[in-house]
Amino acid sequence: MKAYVFTDRALKRHAGQFVWLSLDTEKAQNAPFKKRYGVDAVPMYFVVDPKTERVALRWVGGATVPQLQKILADGLVAVQGGGRGVEEILARADRSYAEADYGKAAAEYREALGAAPPNWSRFARATESLLFALYQTKDWTACAKTARDAFPRLKQTSSAANVAASGLSCALEVPKENPARAELVKTLAAASRSVVASPRKDLAADDVSAVYETLASEREDAKDEAGKRKVLEERARFLEAAAGRAKTPDARAVFDSHRLGTYLDLGEPERAIPMLQASERDLPDDYNPPARLAIAYRAMKRYDEALAASDRALAKAYGPRKLGILQTRADVYKEKGDTAAARRTIEQAVELAESLPEGQRSDRTIAALKKKLESL
Amino acid sequence: MKFVRTAALALTGALAAVSASPAASREVLPWVDDYGSAVAQARARNLPIFVEAWAPW
C-alpha cells in the first residue's frame, strides 16, 4: 500500500477530508492503540470518529486505489451518519465489523446485499467484508458459496482476485465428507485460474500472488505434486516480472517475501539470494532483507552466513518482529548442532517476549517459545 | 480485505507478504504518526481520522 497506493496522486483530493494517521504497530508507543482497537493483522485501516474515538469502518488487508476511494467515501458516511436505506444497513454492518462482531456483521452485510439495487456501487466491498466475516466465524461453506455466487458479477473488477482466492481458501476448509465441497473447490479453482490466466491491470500484484498461493494449496489438497510445482513456477515467474517492473527499491522489495516463500516451497532457496542482497544494499535501514537472507541461508544449510545475516537484522530490528528473527537464529544453531546456543537464543526470545508492552505481548507466543525451549 | 494474505500477516512469522518501509513516500497525504495529536487535530478541524496500522515486515 505504501509503495503503490498511498503514493498515487489520485488520493490528493481526499487529503482535506481526514486527519491521516500512520502507526507502526511494531513500535512500543503504539502498543496501546493496537490493544484498544484489536489490531491482530496488518495492514489494517480504520476510520475513527474523533468525538467518540469509536471505529466507524475497518478494512483488513490491502486495497487498490479505487477500492480505497470507496472505503474513504463510506467512512465519511459511517462517521457523519445520514445514510438511508441500504446505505444505513451497510453503515451498521461496518460498525459491527469494526467491533469484530463478525456473526452480527455477516448477518447485516447479507441484509444490505439483499436490500441493494441491482447495480449497487458497494456490492464488491460489502461482499468482500461479508467473506471476511464468514471466514472469521469459520463458516466455510457459506464463505465458499458466497464467493462462488458473487464471482461472475465481480470477475471484471479489482475484487476478482480476492473473491476467487478467498472463496477457494474457504472451500478447501470445508470438511471432505461434505457433498458440496467438490463442486465448490472445482468452481472456485476455475475462477482463480481465470484470474491468473490474464490478470487485469487494476489488480494488485500481491493479490494475484495470493491467488497462485491458494491454487498451489488446491493442488496439494488434490495430492497433485507436479501440478503444485507448476503453479509455484508460474507464481515465481509472475512475481519476478512484477518486481522487474518496479520503479523503486521499495516497490521492488514488496515482492521479496512472496518470492522467498515461493522459492522455499520449490526447494530452491538459492534463487532468493540475489534479490535479497540487492534489497539489503538498496534499503540499508530495513531489517527485512537480512532477516530473509538468514531464512534462505538456513534452508541452504549455509549456517554461518545465516548467523551473520541474523546479526545484521537484529542490529536494526525492534518490537515483536525480533522474536521471529531470534527463532530462525535458534533453528540455525540447532541444525548446526549447537544446542546450548539454540537454548540461549530462545531464552533471550522469551525474555524479550515477556518484556513487550500490552498490545504487543502475546501469551500464545510466550507459551510457544517456552515449549520450544523445553524441546531443546 | 485480502484475508488469504492477512492470515499470514497476522502472525509474527518469519515470512510476511507486505514490505512497508518507513521511508515510503508521504507527499500525497499529510500523515501524522501520533494518535493523541491526530485526535486533537481531528476534533479541532471536525474531521474523521483515517488510520493506517502497519508493520515494517
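This briefing walks through how chains A and B meet, the sheet they share, and one helix pair in chain A. The model is predicted, so please read it in that light. Chain B puts 46 residues in contact with 74 residues of chain A. Strands from both chains line up in an open sheet of five strands, and in chain A the helices H14(A) and H15(A) run roughly antiparallel to each other.

**Where the chains touch**

- On the side of chain B that touches chain A, the elements giving two or more residues are helix H1 (3-9), strand S1 (31-32), helix H2 (35-45) and strand S2 (49-54) of chain B.
- H2(B) gives the most to this side, with seven residues.
- By class, the residues on this side of chain B are 33 nonpolar, seven polar and six charged.

**The shared sheet**

- Reading across the open sheet, the order of the five strands is S3(A)-S2(A)-S2(B)-S1(A)-S1(B), and the pairing is mixed.
- Strand S3 (54-60) of chain A and S1 of chain B stand at the edges; each has a single partner strand, so one side of each is left without a neighbour in the sheet.
- S2(B) runs parallel to strand S1 (residues 19-24) of chain A, and six bridges join the two. Here Asp24(A) has Trp54(B) as its bridge partner in S2(B).
- S2(B) is also joined to strand S2 (residues 44-49) of chain A, this time by five bridges and in an antiparallel arrangement. Met44(A) finds its bridge partner in Ala53(B) of S2(B).
- Helix H2 (residues 65-80) of chain A packs on the sheet, where it touches S2 and S3 of chain A together with S2 of chain B. The direction of this helix makes about 160° with that of S3(A).

**A helix pair in chain A**

- The axes of helix H14 (residues 288-299) and helix H15 (residues 303-316) of chain A come within 8 Å and cross at roughly 165°.
- Angles over 145 degrees count as roughly antiparallel, and H14(A) and H15(A) are therefore roughly antiparallel to each other.
- The crossing of H14(A) and H15(A) is left-handed.
- From H14(A), the contact is made by Pro290(A), Ala291(A), Leu293(A), Ala294(A), Tyr297(A) and Arg298(A). From H15(A) come Tyr303(A), Glu305(A), Ala306(A), Ala309(A), Ser310(A), Arg312(A) and Ala313(A).
- Sorted by class, the contact between H14(A) and H15(A) has nine nonpolar, one polar and three charged residues.

Technical notes: Residues numbered from 1 in each chain as written. Chains lettered and ligands numbered in written order. Predicted model: local features only at pLDDT ≥ 70, side-chain atom pairs only at ≥ 80, totals over all residues. Contact = placed C-beta atoms within 7 Å. Helix = DSSP H or I, 4+ residues; strand = E, 2+ residues; numbered from the N terminus. Nonpolar A, V, L, I, M, F, W, Y, C, P; charged D, E, K, R; others polar. Pairing = 2+ DSSP bridges. Axes fitted to C-alpha atoms, helices over the stretch in contact; angles between N-to-C directions. Parallel < 35°, antiparallel > 145°, perpendicular 65-115°, else oblique. Left-handed = near helix turned anticlockwise from the far one by under 90°.
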